[in-house]
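Biologist: I would like to learn how to read a structure feature by feature, with the general idea stated first and the particular case after it. Could we begin with strands and how they pair?

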Amino acid sequence: MAATVATTCPYCGVGCGVLARGEGARVAAVSGDPAHPANRGRLCVKGKSLAETTELAGRLLAPRVPGREVSWEEALDAVAQGFGRALAEHGPDSVAFYLSGQLLTEDYYAANKLAKGFLGTANVDTNSRLCMASATVAHQRAFGEDLVPGCYEDLELADLVVIVGSNTAWNHPVVYQRLAAARAARPEMRIVVVDPRRTATCELADLHLQIRAGTDAFLFAGLFRHLVESDAWDRRFVAEHTTGFEAALAALAGLDLARLHERLGVPAEALDTFFSWFAARERTVTLYSQGINQSGSGADRASLIINCHLLTGRIGRPGATPFSITGQPNAMGGREVGGLATQLAAHMDFAPENVDRVGRFWGAARVAERPGLKAVELFEAVRAGKIRALWILATNPAVSLPEADRVREALAACPLVVVSDCVADTDTARLAHILLPAAAWGEKNGTVTNSERTISRCRGAVPPPGEARPDWWMLAQVARRLGHGRAFDWRHPAEIFREHAALSAFENGGERVFNLEGLADLDRAAYDALAPVQWPVTRATPQGTRRLFADGRFPTPDGRARFHPVAPTGPCQRLDHRFPWVLNTGRLRDQWHTMTRTGRAPRLLRHRDRPELSIHPEDAARQGLREGDLVRLESATGSALLPVRLDGGVRPGELFAPMHWSGPTAPTARVNALVAAVTDPFSGQPESKFVPVRLRREPAAWWVLVASREPLPEPQLDFWVRGPLVGGFRLLGAALAPAAVPAEAWLEALAEGVAEDSPLVYRHPAAGHYRLAIRRAGRLALVAFAAPKPGELPESAALESLLALPEVDWRVLSGRVGTDPGRLVCTCFEVGERAIRAAVAGGCRTPEALGEQLRCGTNCGSCLPELRALLAAASPNP
């Protein structure tokens, strides 16, 4: 019998509510939860596709030690023995845990308690270090605690929304659609986007400040000075509720406001407009994300944003707040429990009184007394042989960390690498000594906290398959084997949550804002029924708290917010004659992290099915590059090979590449191998948005496109990318010139061992075109096309229609049999570019008309910018 549960999306930090329907062993369908305050029933295409990612193919279903399936008893014994041996021989600092914003709060709490409370090490860090650590430092500087003051409603109430360092339309699409709806209801609202790229988010903007990469600090430093010099600041708020104003202003004395626009690379008139809009609008929200945080000075950049809000008193009020929007579903929950090496637990640091307090609460005698190693430092310590046992949970650092090749070397040299994951084959799993099968989304039970401090329940719609188990259970089992059973005697995640909530309230007389006192006594039934609630949740505020600091008081010793003095600086790295280009890295619309989940859903690959390097058309022309050409990118730390995408939205001299592809999917496109391990000195967050690189064209001898019903092995090609199709698998690849093997010979080798019937073969040697189709039991088993240029291959979108053919004849070698929708534009409703162009030709002149006819753009709205671009291209008016 089908059962539907209310749960939470496992992707970005918006924290959308999801209704998941389980049937047997799989999640059969999902929809948005209209009762959830974050999304009110909306889902983006990634959330809408969740059921397509829950198939068991590729799942890790049993423990492996090393490489062979074993019982849980044997696997857990091996983990405990390995960690015990490292502790005994090398001490507590020889072990480490690397966690993930994909974990539930209960998982995070268990890992943090085990490491810091009972193993005596603070070497517990998380991939959230790569996305939100700079914001955390800025919050602690200004407010005395890591606190996000506002809520999503503030975006709808604001008169000015400044979006900086965030392609919200693609990375937080439901928040973007809430903002778009608010703008439609209140046309007087103004939206400013600050981004070196013209992204989909800019479609909503009244003003796009396309600043030079790495100059954000100068923009907000200039804004601060302008507000002071034009007397557009709140003198009373500054005097009564803050400290440090004079030092913050003095730090900006050397800034040349008259020439600031030249440094930023924007017109003076545009900069003046931004400054005047900010000065004039009391209700202002500044929404910021990775473009600010992922910098060698990210904490200072975030501090400058907060300084501007403190200067104007725009904090703690409806429609007025700085707002750091998190990148992962539980980055906030991890920060709550202390899942960063620089925090102890429950928003407490390593001050002696906090170490004593947490030790007494946990009943732990060897609580870590000082911060541990941050993510980049931690893996350097692994490489240096200082970390002897490492447990990685729910993340793929061999792809996502900077200098990813060095991370691979570090893991290969570590005596013990334990990996808990739901996926069997990742770059990191390939380097593990022990693999532990983890429960995945749709199976897990616990909580997460989103960007606006809302705690939401994650509920399992189906049982974990095979031998998969929750991460907290694995941690507790190892803790028991290490002699700490009484402290980890949990039977249900509700018990862990109660303990977590109780610790937040323990000896907390209001000194710490983070407080879940009102949830500390939940029984299992109340926990199971817990509705979304924003912390703090105390006995005095059982319904939660929408906004913080409404009374002007802050959790600092004197109750005042603190300006942090910042002398603005540019990127830590510099361009030179060896590396004259700036590479910016980030996400695509329909993908997530290293694609271990989204890469399983065919439709999520139809919008962009390959990694590409975006370059301005003028730069491409000067370099002799055309769309689809292969380019070798090199930095001081690594290299990548990927195709060119012409993009007028990037600034000349700057480049963009997505960070999703990995060893199993496109090994030459692991762009984090290019990113240097240059980090913010305070937050430890890497500088991923400013990577000095050089590039050169790599001529391809031939290209190949393959569709197969069976999984395709890793090919012997210089460039390749593979992924799923409905009913099969796809491979796109290229051999660089001069090719060691001719295209025809490569296809013949591919066909060996596959064919039952005689293959259909087409040869045009003069044009360099070769095609073959292999039948098995009368159905198409494999079809492959080879050509000198990628543009001479069939559209990838046609491959699924070929595999679906009931009969196979020579027409299949044309690559045009069946319906080819063209490039997918609207993934939610699977509307391709050809259908949209036909509708425009038939009279549709607006996105609304296209939505009414084709439904495109009517769900998450992420495709609306592309719909407008197609409409504009078809318009007879310039």
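Modeller: Strands of a sheet pair through backbone hydrogen bonds, and the sense of the pairing is either parallel or antiparallel. In this model, which is predicted, β15 and strand β16 (residues 454-458) run antiparallel and are joined by four bridges. One residue pair to look for is T449, whose bridge partner in β16 is I455.

Biologist: In what order do the strands of this open sheet lie, and which are the edge strands?

Modeller: The order is β15-β16-β17, an open sheet of three strands with antiparallel pairing. The edges are formed by β15 (446-449) and β17 (533-534), each of which pairs on one side only.

Biologist: How should I read the two faces of a strand, and which way do the residues of β23 point?

Modeller: In a regular strand the side chains alternate between the two faces of the sheet. In β23, E654, F656 and P658 point one way while L655 and A657 point the other way, and all of them are buried. Strand β23 (residues 654-658) is accordingly described as mostly covered, with five of its five residues buried.

Biologist: Which sense of pairing does β23 have with β19, and which with β20?

Modeller: With β19 the pairing is parallel and extends over five bridges, and within it G586 has P658 of β23 as its bridge partner. With β20 the strands run antiparallel and are joined by two bridges, and here I615 stands opposite L655 in β23. F656 of this strand also has a charged neighbour, since R197 lies over the face of its ring at 3.7 Å from the ring centre. A further case of that arrangement is R263, which lies over the face of F218 at 4.1 Å from the ring centre.

Biologist: How do I read a pair of aromatic rings, and how many such pairs does the structure hold?

Modeller: A pair of aromatic rings is described by the distance of the centres and the angle of the planes. The structure holds 26 aromatic pairs. For Y109 and W490 the centres are 6.4 Å apart and the planes stand at 55 degrees, so this pair is tilted. The pair links distant parts of the chain, 381 residues apart, with Y109 in helix α3 (residues 105-119) and W490 in the loop between α20 (471-481) and α21 (493-505). Both Y109 and W490 are buried, and they belong to one aromatic cluster formed by Y109, F118, W362, F488 and W490.

Biologist: Why is the pair of Y152 and F323 called stacked?

Modeller: The planes of Y152 and F323 are at 5 degrees, with the ring centres 5.8 Å apart, so the pair is stacked; the cut-off is under 30 degrees. Y152 lies in helix α5 (residues 152-157) and F323 in strand β11 (residues 321-324), so the pair ties together parts that are 171 residues apart in sequence. Y152 is buried, with a relative accessible area of 2%, and F323 is buried as well, at 0%.

Biologist: W490 came up in a loop; which residues does E495 touch?

Modeller: Leaving out residues up to four places away in sequence, E495 touches D489, W490 and R524. E495 is found in helix α21 and counts as partly exposed at 22% relative accessibility. Its side chain reaches the backbone nitrogen of R491 at 3.1 Å.

Biologist: How do I read the sides of a helix, and which residues of helix α27 are buried?

Modeller: An α-helix has 3.6 residues a turn, so residues three or four places apart point the same way. In helix α27 (residues 847-854), the buried residues include P847, L850 and G851. They cover an arc of only 100 degrees around the axis, which puts them on the same side of α27. The face turned away from that buried side carries the exposed residues E848, E852 and Q853. Among the elements that cover the buried residues of α27 are α26 (833-841) and α28 (864-874). Just after α27, R855 takes a positive phi of about 75 degrees.

Biologist: Finally, a loop residue: is T598 buried or exposed?

Modeller: T598 counts as buried, at 0% relative accessibility, and is found in the loop between β19 (581-586) and β20 (613-615). Its side chain makes a polar contact with the side chain of Q591 at 2.6 Å. Leaving aside neighbours within four places in sequence, the residues in contact with T598 include Y11, K46 and W592.

Note on methods. Residues numbered from 1 in each chain as written. Predicted model: local features only at pLDDT ≥ 70, side-chain atom pairs only at ≥ 80, totals over all residues. Heavy atoms only, no water. Phe/Tyr/Trp six-rings, centres within 6.5 Å; stacked < 30°, edge-to-face > 60°. Buried < 20%, exposed > 50% of the residue type's maximum accessible area, 1.4 Å probe, protein only. Lys NZ or Arg CZ within 6 Å of the ring centre and 35° of its normal. Pairing = 2+ DSSP bridges. Polar contact = N/O pair within 3.5 Å; in protein donor to acceptor, adjacent residues only side chain to side chain. Contact = heavy atoms within 4.5 Å. Arc of directions from axis to C-beta.
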